[in-house]
Amino acid sequence: MSVQVEVAVLPHGQGLPLPTYATPGAAGADVCAAVEGEVVLPPGGRVAVPTGLVVAVPEGYEMQVRPRSGLALQHGITVANAPGTIDSDFRGELKVILVNLGDRPFVVRRGDRIAQLVVAPVVRAQFRKAEGLSTTARGEGGFGSTGV
């Protein structure tokens with residue numbers, strides 16, 4: 001299954017590839033940094049990295065911005081609000097909020113693959129006020145209540 005996503009390239013994104021799937025079975029398309037020169041991300045630091053792209057996600061879909069596993073494992077670099085959501089009515093520049101959870105500064109250079117984009121269908125809920133809710137075996141058990 002595929003869906004068409006229109007992409008406009010901003011001046012600072014010229015010369016960089018559009019989001020690209022690395023393999024035929026990849027769920028996420030890699031997106032690159034459109035920084036001028038480089039950006040140093042210190043340990044514990046975060047930055048909104050520009051991609052130089054504006055996307056038109058079709059109505060009924062969202063685009064999720066997810067971390068790249070290699071950056072997370074090797075350098076402690078992840079997406080701060082993972083998964084970030086690009087709504088179908090957003091027309092600003094796609095930026096990726098990277099955070100450095102590692103113990104060394106990390107350098108982001110122009111053209112580096114910094115995140116993955118996953119396009120997914122959206123189901124909109126109809127929220128309604130209820131006087132009471134059905135009970136379950138779990139009940140109010142929260143974080144860690146089902147064991148490890």
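I started with Thr20 and looked up its bridge partner in strand 3, which is Asp30. I keep in mind that this is a predicted model.

Next I checked how the two strands meet. Strand 2 and strand 3 (residues 29-32) run antiparallel, and two bridges join them.

Then I followed the pairing outward. I found an open sheet of five strands with antiparallel pairing, in the order 2-3-12-7-9. Strand 2 (20-21) and strand 9 are its edge strands, each pairing on one side only.

I turned to the UniProt record, an unreviewed entry. Under "binding site" it lists Arg68, Ser69, Gly70, Asn81, Thr85, Ile86 and Asp87. I noted that these residues are spread over 20 residues of sequence, and that they are spread in space too, with up to 26.3 Å between C-alpha atoms. Among them, Asp87 is included in the lining of the second largest pocket.

I picked two of the listed residues for a closer look. Where does Gly70 sit? I found Gly70 in helix 1, which covers residues 69-75. Is Gly70 buried or exposed? Neither: its relative accessibility is 29%, so Gly70 counts as partly exposed, since that class lies between the 20% and 50% cut-offs.

My last stop was Asn81, in the loop between strand 8 (77-79) and strand 9 (84-86). That brought me back to strand 9, an edge strand of the open sheet. Asn81 has a relative accessible area of 41%, so I wrote Asn81 down as partly exposed.

Note on methods:
Residues numbered from 1 in each chain as written. Predicted model: local features only at pLDDT ≥ 70, side-chain atom pairs only at ≥ 80, totals over all residues. Heavy atoms only, no water. UniProt positions renumbered as here; feature names shortened; annotations may be inferred. 1 Å grid on protein atoms, 1.4 Å probe; cavity = no way out; pocket = protein on both sides within 12 Å on 5 of 7 lines; lining within 4 Å. Helix = DSSP H or I, 4+ residues; strand = E, 2+ residues; numbered from the N terminus. Buried < 20%, exposed > 50% of the residue type's maximum accessible area, 1.4 Å probe, protein only. Pairing = 2+ DSSP bridges.
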